[in-house]
Amino acid sequence: MVMLPIYPDSPGEFTMYDEAALHIEADWTLNNAHDPGIIKTDQGYYVFSTDVKVGGELTPGVMVRKSQDLIHWEWVHYALPGIPQVAKDWAESINLWAPDVVKHGNQYRMYYSASTFGSRQSLIGLQTATSIEGPWTDEGVVIKTRAEDHLNAIDANVLTDVEGRLWMVYGSFFGGIHLIELDIESGKPKVEGFGKLIAKRDMVTEDGAVEGPYIVYNEQFKKYYLFVSYDSLFEDYNVRVARSDSISGPYVDYNGRDLSDIEYLPQYDVGTKILGGYRFGEDPGWIAPGHNSVLNDDGTYYMVHHARGELDKHWSYLHVRKIVWTEDGWPVVSPERYAGEIEQDIPASLISGSWERIVMKPSVDGQVQSSSITIRDNGSLEGEYGVGQWSFDGKRTLTLIWSDILEGDGRTEKVQLIPSWDWEKNKQTLVFTGLNEIGVSIWGKK
């Protein structure tokens, strides 16, 4: 008897572009989530995010949502009663950006950013609380930059390395991404200055951005992984990753390119792209996914990010995706949002059939459209990409080998199968995710 995989149940109905909820914060379950930072607590999972609002005047104070399952989210409140005075005085900000919350002992620490779009007159501030839902106490400035400085004090992520030292990674397309060590007790920099540059691009505009840094350590592979977002926030945002043996770098991508190397051309080839805008079949799809955080939930990893509906990019939504790891230690994400799926062995009899496949090329701006492929029982492949052969390890790893490809494209794709929920068609399905031999992310959905 063939054992069928365990598929996730329906996550329930979700209404896009819900104008009835424009001014009802309690209904903002996934809507108006931007730059989400996740933390797991004894009370559940919490996401803190940038102050935004579609269709009206925003309220500043850091949005807070919570969940018990990473699928269904509920609005909590604004963490703060407005913009801290120190942020008003220095940055003249009208909202707070990209909060990151960590726990030290019995204290929660919230690092927030204050700035205005396109300015380097910016500040990362600190708030502390004994409860994840506050109240929060203002602890002043962590780091700040002036308009004439070469870098930008925004988008903080704070983490502890394997030696127990505390670090903050931060920055934007103004001057790149920097890493600085923090004092464990105060949560503020141990040394003067801005720290070490670990990622940069040579295009100092929002269209050539590198921002939203997030570092996570994987014990299995003994490496640090730096996630960043590239390109324009509203048009072609996409997530890249690189890794290092040391928290201070160098961080190199799948092809060995250093994320701080601004000499390599084309620059869009630097960084392993694992998430960008996409469209399966006739579904409108998503644009500009990015500014992620990563949750290590007892060895199971998830990417948490925002994305924009293709039909109206002003609406930003919270997405959670399962991360799986390639055998050589690279993170890839599911092509479908998380609905409770678990990694498990897949019967070979379920593989053959019609699939939609996405090649997440780093050179593509905006959405990538899926194309159809057919996987046959006799081990052959056929699709718009050409023809080829496939093999299966009997567990969950599928290898696709194409014999007719364009010059410069990858030939061999090693992907992992996951029983998932098809959010586009509202049904259970199989998906796959992985990389080809030149480090391009490959997605598929049956």
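**Note on the predicted model: overall build and aromatic contacts**

1. Among the contacts in the protein chain that join residues at least 6 apart in sequence, 52% are between residues at least 24 apart. This should be read with the reminder that the structure is a predicted model.

2. As for secondary structure, the protein chain is made up of 30 strands and 1 helix, and the C-alpha trace spans about 70 × 50 × 40 Å along its principal axes. A compact globule of 446 residues would be expected to have a radius of gyration near 22 Å, and the 21 Å found for the protein chain agrees with that expectation.

3. On burial and surface, 59% of the 446 residues of the protein chain count as buried. The area that the protein chain exposes comes to about 17800 Å², of which carbon and sulfur atoms supply 48%.

4. How many aromatic pairs does a search of the whole structure find? The search finds 19, and one of them is formed by Phe 48 and Trp 136, whose rings meet edge-to-face with 6.1 Å from centre to centre and 85 degrees between the planes. Because Phe 48 belongs to strand E2 (residues 44–49) while Trp 136 lies in the loop between strand E7 (122–129) and strand E8 (137–145), the pair ties together parts that are 88 residues apart in sequence. Phe 48 and Trp 136 are both buried.

5. Another edge-to-face pair is that of Trp 286 and Tyr 317, with 5.8 Å between the ring centres and 80 degrees between the planes. This pair, too, links distant parts of the chain, since Trp 286 is in strand E18 (residues 286–297) and Tyr 317 is in strand E20 (residues 316–325), 31 residues apart. Are these two residues buried or exposed? With buried meaning under 20% relative accessible area, Trp 286 counts as buried because its relative accessibility is 5%, and Tyr 317 counts as buried because its value is 2%.

6. Beyond these individual pairs, there is a cluster in which Phe 221, Tyr 225, Tyr 254, Tyr 301, Trp 325 and Trp 330 are linked by ring pairs.

7. Aromatic rings also take part in contacts with charged side chains. The charged end of Arg 337 sits over the ring of Trp 423, at 4.1 Å from the ring centre, and the charged end of Lys 445 is placed over the ring of Phe 280, at 4.5 Å from the centre of that ring.

Note on methods
Residues are numbered from 1 along each chain as its sequence is written. Side-chain values use heavy atoms; hydrogens and water are left out. Rings of Phe, Tyr and Trp (its six-membered ring) pair if their centres lie within 6.5 Å; planes under 30 degrees apart count as stacked, over 60 as edge-to-face and the rest as tilted. Helices (H or I, at least four residues) and strands (E, at least two) are DSSP runs, numbered from the N terminus. Buried means under 20% relative accessible area, exposed over 50%, partly exposed in between (1.4 Å probe, protein chains only). A charge sits over a ring if NZ of Lys or CZ of Arg is within 6 Å of the ring centre and within 35 degrees of the ring normal. The radius of gyration is taken over C-alpha atoms; the globule rule is 2.2 Å times the number of residues to the power 0.38. Contact means heavy atoms within 4.5 Å. Accessible areas come from the Shrake-Rupley method with a 1.4 Å probe; for residues, only the protein chains shown count as cover.
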